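Let us read a protein structure together, one feature at a time. Each turn takes up a question and then turns to the case at hand.

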Amino acid sequence: MSILEVENVSIRYITGDFKDIGLKEFVMRRLKGDYHVREFWADRDVSFTLEKGDMLGIIGANGAGKSTLLKVVSGIMEPTRGRVRRQGSIAALLELGSGFDGDLTVRENTYLRGAMLGYTRQFMNETYEQIIQFAELSDFQDRPFKQLSSGMKSRLAFSIASLVHPDILILDEVLSVGDGAFRRKSEVKMREIIGSGATTILVSHSLPQVREMCSKVLWLHRGEQVDFGPDVAGICDRYAEFLAKR
């Protein structure tokens with residue numbers, strides 16, 4: 001039985017000039033029929049199915065709709081059309097550097113982020129040292145978070161989020177965080193989670209990474225589904241040729 005089914009998913013954003021004109025002018029324009037609304041489809045009719053243990057690589061240039069699709073799959077957003085069926089628990093590592101308070105210490109932010117992810121206080125007490133050591137931040141625990149570099153912030157977020165072993169794991173460019181040594185360590189950690197049987201979705205601009213790690217590939221271009229399937233090498237080759245011609 002499939003653990004994840006994405007069926008004809010489309011995501012639409014509606015934009016207007018409300019923020020620029022203010023409430024009073026907005027009301028006047030609506031009354032006059034002079035309020036302009038624009039539609040933007042981030043994804044259109046995307047469909048794919050994953051089984052337990054699959055690892056899907058999503059490829060495509062910036063603006064292809066990859067991150068928006070991940071938000072729908074993870075349940076952060078609802079699709080405008082289509083549906084998503086999920087089985088089991090899901091964990092999404094998206095926008096690693098967000099959700100922290102710059103004025104709090106590294107220690108305080110660790111507990112804050114853990115609470116946001118649904119971890120109990122007891123669980124955080126038991127795993128705190130493991131988190132800090134993995135993130136290589138033992139000497140920075142009482143520093144204000146805003147003093148950390150962007151790489152250090154991402155390392156901490158990755159270390160906290162990768163504690164769980166979900167049924168479905170969603171990764172948005174998180175294997176590129178930190179320096180080369182930490183990237184290798186994060187890949188090992190992800191392989192451990194994947195090896196436990198998790199179904200994984202990885203957005204990556206690294207074709208070698210997709211070729212090496214993924215069992216299926218989804219190629220998106222400007223919100224449209226170009227290709228999907230288990231022919232990882234073939235789809236990556238066609239995508240590389242497409243990039244070379246641009």
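**Two cysteines and what lies around them**

A: We can begin with Cys236, which counts as buried because its relative accessibility is 0%, and buried means under 20% relative accessible area. Please keep in mind from the outset that this is a predicted model.

Q: How far is the sulfur of Cys236 from the closest cysteine sulfur, and in which residue is that sulfur found?

A: A disulfide requires two cysteine sulfur atoms within 2.5 Å of each other. The closest cysteine sulfur to that of Cys236 belongs to Cys214 and is 7.7 Å away, which is too far for a bond. In keeping with this, a search of the whole structure finds zero disulfides.

Q: Where does Cys214 lie, and is Cys214 buried or exposed?

A: Cys214 is located in the loop between α7 and β8, and with a relative accessibility of 9% it counts as buried. Leaving out residues up to four places away in sequence, Cys214 touches Met55, Leu56, Gly57, Leu202, Gln209 and Val232. One of these partners shows how a chain folds back on itself: Cys214 and Leu56 are 158 residues apart along the chain, yet 5.6 Å separates their C-alpha atoms.

Q: How should I read the protein as a whole, for instance how many helices and strands there are, and what share of the residues counts as buried?

A: The secondary structure consists of eight helices and nine strands, and of the 246 residues of the protein, 45% count as buried. If we take the contacts with a separation of 6 or more, 70% of them are accounted for by residues 24 or more positions apart. As for the outside, the protein exposes about 12700 Å², of which carbon and sulfur atoms supply 49%.

Q: Which residues touch the most other members of the largest nonpolar core?

A: The general idea is that nonpolar side chains tend to be buried together in soluble globular proteins. Here the largest nonpolar core has 26 residues, and Ile59, Leu169 and Val217 touch the most other members. At least two residues of this core come from each of β3 (55-59), β5 (90-93), α5 (150-161), β6 (168-172), α6 (180-195), α7 (207-213), β8 (216-221) and α8 (232-245). There is also a second, separate core of 23 residues, which includes Val46, Leu70, Val73 and Leu218. To follow one residue in detail, Leu169 is in contact with Ala91, Leu93, Met190, Ile193, Thr199, Thr200 and Ile201, once its neighbours within four places in sequence are left aside.

Q: Which residues form a nonpolar patch on the surface?

A: Val27, Met28 and Leu31 form such a patch, and together they have about 290 Å² of accessible area. Leu31 belongs to helix α1 (residues 18-32), and it counts as exposed because its relative accessibility is 68%.

Q: How many salt bridges does a search of the whole structure find, and what can a single one tell me about the fold?

A: The search finds ten salt bridges. When reading one, it helps to ask where each partner sits along the chain and whether the partner is covered. In one of them, the side chains of Lys216 and Asp54 meet at 3.0 Å, N to O. Lys216 lies in strand β8 and Asp54 in the loop between β2 (37-50) and β3, so the pair ties together parts that are 162 residues apart in sequence. Both Lys216 and Asp54 are buried.

Q: Where do Lys146 and Asp103 lie, and are they buried or exposed?

A: The side chains of Lys146 and Asp103 meet in a salt bridge of 2.9 Å, N to O. Because Lys146 lies in the loop between α4 (121-135) and α5, and Asp103 in the loop between β5 and α3 (106-116), the pair ties together parts that are 43 residues apart in sequence. Lys146 is exposed, with a relative accessible area of 53%, and Asp103 counts as exposed at 58% relative accessibility.

Q: Which side chain meets that of Glu136 in a salt bridge?

A: The partner is Lys185, with 3.0 Å from N to O. Glu136 lies in the loop between α4 and α5 and Lys185 in helix α6, so this pair ties together parts that are 49 residues apart in sequence. Glu136 counts as partly exposed at 38% relative accessibility, and Lys185 is partly exposed with a relative accessible area of 26%.

Terms used
Residues are numbered from 1 along each chain as its sequence is written. This is a predicted model: local features need pLDDT of at least 70, side-chain atom pairs count only at pLDDT 80 or more; totals for chains, interfaces and linings use all residues. Side-chain values use heavy atoms; hydrogens and water are left out. Patches are made of residues with over 30% relative accessible area and no salt bridge: like charges are joined within 9 Å, nonpolar side chains (Val, Leu, Ile, Met, Phe, Trp, Tyr) within 5 Å. Accessible areas come from the Shrake-Rupley method with a 1.4 Å probe; for residues, only the protein chains shown count as cover. A salt bridge is a side-chain nitrogen of Lys or Arg within 4 Å of a carboxyl oxygen of Asp or Glu. Helices (H or I, at least four residues) and strands (E, at least two) are DSSP runs, numbered from the N terminus. Buried means under 20% relative accessible area, exposed over 50%, partly exposed in between (1.4 Å probe, protein chains only). A nonpolar core is a set of buried Ala, Val, Leu, Ile, Met, Phe, Trp, Tyr and Cys residues joined through side-chain atoms within 4.5 Å. Contact means heavy atoms within 4.5 Å.
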